[in-house]
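Please open the model in your viewer and keep the selection panel at hand. The tour below proceeds by selections, with a note on what is to be found at each stop.

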Amino acid sequence: MTLDQISITLVYSAMAVYAVAFIAYAIDLARRSAAATAAVAVAVEAPAAVGAPVSTKVAEPVEAAAAVEAPASTSSANGAMAYGRSPSLRVGVAMTVVAWLLHLAADVTRGIAAERVPWANMYEFALTGTLIITTVYLLVLVVSKHDLRFLGTFVTGLVLVLLGVATVNFYVSVVPLPPALQSAWLVIHVFVATSSVGFFALGFALSVVQLLQSRRESLVASAKAVKQSFLATLPDSATLENLAYRVTIVGFILWTFTLMAGAIWAEAAWGRYWGWDTKEVWTFIIWVVYAGYIHARATRGWRGSRSAWLAIIGFSTVLFNFTVVNLFFKGLHAYSGL
Amino acid sequence: MSPRSDPDALSRPDDHIDAPERDAAPASPRQPEDGAVTQPKLGAVGWLRFAWRQLTSMRTALLLLLLLAIAAVPGSLVPQRSSDPNGVSQYFADNPDLAPVLDSFQMFDVYTSAWFSAVYLLLFVSLIGCVIPRTKHHFEALRARPPRTPARLSRLAGYTERPLVVPEPAEGTAASTGSATDAAADAAIDAAAAQLKQAGYRVERYDLRGEASVSAERGYLRETGNLVFHTALLGILVAVGIGGGFGFSGQRVVVEGQSFVNTLAAYDSFNPGRFFDDANLDPYRLELEELDAVYETQNQEAIGQPIDFTARVSVQAQDGAAEPGVVKVNEPLRVHGTDVYLLGNGYAPTITVRDPDGEVVFTDSVPFLPQDANLTSIGVVKVPDGLADQLGMVGFLYPTQTTLPSGAYTSSYPDLVFPVLTLNVYQGDLGIDDGVPTSVYTLDPSSMEQLTGGSTGVDSIELMPGETVDLPNGLGSITFENADPDAAADDYSTSVSRFASFDIHNDPSQGWVLVFAVLILAGLLVSLFVPRRRMWVKAARRPDGTVVLEYAGLARGEDPGLEDAVAAFADKHAGGPPQPAKRNPST
């Protein structure tokens with residue numbers, strides 16, 4: 001068995017574990033909905049019992065121990081409803097860590113097999129890029145004061161889909177680097193670009209949840225009947241927006257560096273630092289969209305949902321740049337290996 | 001120093017999130033048209049001011065940014081003259097109806113088009129209109145004192161209290177408790193000021209209503225970084241727009257053993273900048289001694305994939321000795337103020353044509369342009385003089401010739417294993433005598449008669465290095481010269497010369513662009529991650545006469561860590577977090 005075959009086996013193993021993690025996260029989301037509904041039911045059934053321990057009534061219909069801790073008053077719109085411990089969530093995170101280790105091993109063995117950094121063609125970009133998305137997610141879990149484990153459904157889902165597409169459609173065997181890629185900038189430029197994609201992905205996920213949350217909040221504010229959902233257990237939209245912003249500006253700075261490092265490399269490889277090559281155009285477009293996002297955050301009337309939409313458009317252009325531009329547009333960045 | 005008592009207004013556009021609300025801030029008397037709804041009409045100046053205010057507003061800047069992103073898209077959908085001129089010609093050929101319409105919208109020159117330029121120029125005007133007042137204001141803020149301590153800190157972010165520790169008065173002294181408390185409060189505020197100053201804050205002591213306090217502000221670098229970022233963007237635009245006009249780029253194909261002198265006439269193509277003066281060309285001599293091409297031979301998945309191209313050259317100044325140099329992909333040779341790039345290579349078979357008497361009428365190494373990864377190459381040989389009629393030949397070179405099942409030839413490997421040259425011969429008028437410039441890489445056979453290949457029924461001429469055959473119709477003979485006649489009979493690895501296609505550039509603005517790019521990145525980092533915040537510490541007197549230390553902060557812009565920072569400072573200053581009164585002291 002060659003190193004590359006070992007690497008592929010590890011990728012499939014990682015995908016299997018990611019799938020388990022994805023299911024665990026999904027179950028957790030379902031339980032959050034159940035817990036939210038149960039909390040409302042308690043509030044309705046026992047209006048006099050505010051502040052008193054609500055015990056048996058809730059614990060029976062809902063398997064999760066979660067709702068027990070939820071006091072009746074938490075169904076208000078502001079602030080996350082107390083949700084408590086969730087076994088499936090912990091399984092999800094544990095499985096994500098295991099999958100991440102397998103994924104890391106797959107990436108490293110691919111690099112050793114190729115005797116270079118494992119990001120020189122489309123398959124390897126996807127392999128390393130998804131690894132970084134998971135890494136950023138786990139990193140944010142450790143660093144953030146807020147419990148962001150609920151993003152696991154999105155992160156493992158996205159990584160799983162991208163890895164699936166990569167192994168089925170993008171796979172190429174190890175081949176030597178063409179002269180144009182033999183540069184130290186391959187290590188720096190491409191790695192920083194994939195890293196910023198990791199941050200943009202997380203910012204995207206947070207912005208989507210922010211939009212859902214703010215829609216729910218406006219419904220609650222207008223006193224319409226609101227279907228209780230997992231959103232009740234998540235941070236409010238302002239918190240989500242701040243988190244999305246902080247993650248996204250890290251991505252933006254890395255993207256700025258990507259653009260500049262790319263220009264320096266282009267000067268050495270192609271004789272000009274900027275030539276409106278299709279990939280350069282899209283790198284520029286992504287940069288401008290995220291610059292717009294940062295400005296929108298500082299513009300009255302644009303903070304909130306509108307800026308969230310810009311973050312979503314921004315990540316869509318990132319994905320477009322990675323897939324459609326790489327595969328179908330003619331240009332100098334023809335390194336997909338396909 | 002600054003007369004402003006409240007530098008809160010950061011001189012941002014009105015619709016900036018940090019600017020005071022328009023409704024809350026009544027229009028100043030200097031600008032009566034501002035908030036006055038009843039104003040019947042604006043004068044010319046008023047309209048101009050209104051237009052300027054609109055242009056420099058955040059909303060306009062944002063819309064222009066988004067418009068810029070959208071305007072950049074078509075350039076990636078349609079080939080551009082600047083980066084892909086052949087693609088444009090092809091597009092015209094493929095879409096004869098659509099292409100002229102697109103062309104009238106400058107779709108093939110998107111990034112120099114009027115509409116694209118309009119968007120980014122408006123954006124930059126908006127930027128200038130925003131940056132100038134902010135710079136002025138920032139200079140004032142840099143010289144201003146931190147503002148007065150607010151009367152009620154409890155409304156502000158991260159508000160927290162700590163008890164003031166009053167030392168027990170020494171026995172026998174007559175000092176009252178009150179003055180001891182005042183002294184302790186003063187000392188505590190002094191200590192707070194010193195600690196804040198040490199932490200990089202600008203501090204100012206205030207004693208208002210008998211309460212000692214310190215007002216501190218930090219993070220001026222945030223605004224500095226923001227201004228540097230935006231100014232550096234302008235710098236890039238200017239450097240590219242003006243500096244770029246002084247440079248040039250040129251292309252030149254050089255065959256192994258040949259050389260070229262850096263003069264205007266020697267270039268195959270030359271694109272001078274707007275302000276370029278060709279007297280600035282330093283006429284150095286560049287000789288291509290050897291071009292090494294290495295192809296993969298081991299990895300079964302990648303046989304024939306290029307591994308390395310190295311052009312060994314020698315560079316000779318006008319009045320100096322020759323110096324060796326190397327040009328590789330990714331490693332340009334920077335010499336005599338120009339940058340030499342290796343952007344392509346291929347084969348240049350040496351072809352000799354003799355007349356029926358054996359006199360040489362043509363001999364040259366003709367660059368053949370590669371058509372695929374295995375370097376099947378096409379070239380054109382033109383023999384204008386010396387024969388009865390002008391002669392043109394279209395040749396195919398197969399570095400490693402194989403025959404496809406269809407009988408057609410192809411190359412199966414890019415290196416010289418079994419090189420074969422085939423030629424179709426045309427006789428007649430080459431069309432080069434009437435002074436119209438024609439490409440050396442194409443042959444116009446419209447006024448010529450085809451003698452071999454195609455529908456003529458005569459086989460194409462087929463040669464291996466070192467071979468000679470007669471031309472049809474007794475025109476003479478043609479030889480495919482072996483570049484290395486001393487090599488072993490079946491070793492063709494050096495039998496055909498190679499050519500290098502060099503791009504030679506000079507862009508004096510490049511260094512400036514790099515400087516501004518670094519400033520952009522540095523400015524961005526500082527403006528996004530340095531928190532601008534104010535902090536106050538006050539020795540507040542409670543109605544019962546006791547004095548407590550109050551701490552609070554104010555975020556100016558994004559500052560997620562503010563509350564933690566206030567708490568951390570309070571702990572550091574007063575020693576430990578507040579002890580709930582009823583809890584027993586921990587052991």
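A salt bridge here is a side-chain nitrogen of Lys or Arg within 4 Å of a carboxyl oxygen of Asp or Glu. With that criterion in mind, and remembering throughout that this is a predicted model, select B:Glu558 together with A:Arg297, whose side chains meet in a salt bridge with a distance of 2.4 Å from N to O.

**The partner within chain A**

Keep A:Arg297 selected and add A:Glu241, which forms a salt bridge with A:Arg297, the closest N and O atoms being 2.9 Å apart. Because A:Glu241 lies in helix H8 of chain A and A:Arg297 in helix H9 of chain A, this pair ties together parts that are 56 residues apart in sequence. Both residues are covered: A:Glu241 is buried, with a relative accessible area of 8%, and A:Arg297 is likewise buried, at 2%.

**The interface of chains A and B**

Now widen the selection to the interface itself, where 55 residues of chain A are in contact with 62 residues of chain B. The two chains bury about 4700 Å² between them, and 66% of that area is on carbon and sulfur atoms. Across this interface the rule finds 4 salt bridges, and it also finds 18 residue pairs in polar contact, with both residues of each pair at pLDDT 80 or more. On the side of chain A that touches chain B, the elements that give two or more residues are helix H8 (237–270) and helix H9 (278–297), and H8(A) gives the most, with 16 residues. Sorted by class, that side of chain A has 36 nonpolar, 11 polar and 8 charged residues.

Which residues does A:Thr256 touch, leaving aside those up to four places away in sequence? Select A:Thr256, which lies in helix H8 of chain A, and display its surroundings: this residue touches A:Trp287 as well as B:Ile520, B:Leu521 and B:Leu524. A:Thr256 is buried, with a relative accessible area of 2%.

**Chain A as a whole**

Select chain A alone and colour it by secondary structure; there are 10 helices and 0 strands. Of the 338 residues in chain A, buried residues make up 59%. Among contacts in chain A between residues at least 6 apart in sequence, 80% join residues at least 24 apart. Chain A exposes about 13300 Å², of which carbon and sulfur atoms supply 70%.

**Two salt bridges within chain B**

Over all chains the count by this rule comes to 35 salt bridges, and two of those in chain B make useful stops.

Select B:Asp190 and B:Arg205, which form a salt bridge with their closest N and O atoms 2.2 Å apart. Since B:Asp190 lies in helix H7 (residues 177–198) of chain B and B:Arg205 in strand S2 (residues 202–208) of chain B, the pair ties together parts that are 15 residues apart in sequence. B:Asp190 counts as partly exposed, at 41% relative accessibility, and B:Arg205 is also partly exposed, at 28%.

Next select B:Asp559 and B:Arg533, a salt bridge whose closest N and O atoms are 2.8 Å apart. This pair links distant parts of the chain, 26 residues apart, with B:Asp559 in the loop between strand S26 (547–555) and helix H10 (562–574) of chain B and B:Arg533 in strand S25 (residues 533–541) of chain B. Here B:Asp559 is buried, with a relative accessible area of 11%, and B:Arg533 is buried, at 9%.

**Last stop**

Finally, return to chain A and select A:Asp4, A:Arg110, A:Arg116 and A:Glu124, which are joined into one network by salt bridges that share partners.

Note on methods: Residues are numbered from 1 along each chain as its sequence is written. Chains are lettered from A and ligands numbered from 1 in the order in which they are written. Side-chain values use heavy atoms; hydrogens and water are left out. Contact means heavy atoms within 4.5 Å. Buried area is the accessible area (1.4 Å probe) that two parts lose on being put together, summed over both. A polar contact is a pair of N or O atoms within 3.5 Å; within protein, one must be able to donate a hydrogen and the other to accept it, and residues adjacent in sequence count only if both atoms are side-chain atoms. Helices (H or I, at least four residues) and strands (E, at least two) are DSSP runs, numbered from the N terminus. Ala, Val, Leu, Ile, Met, Phe, Trp, Tyr, Cys and Pro count as nonpolar, Asp, Glu, Lys and Arg as charged, and the others, Gly among them, as polar. Buried means under 20% relative accessible area, exposed over 50%, partly exposed in between (1.4 Å probe, protein chains only). Accessible areas come from the Shrake-Rupley method with a 1.4 Å probe; for residues, only the protein chains shown count as cover.
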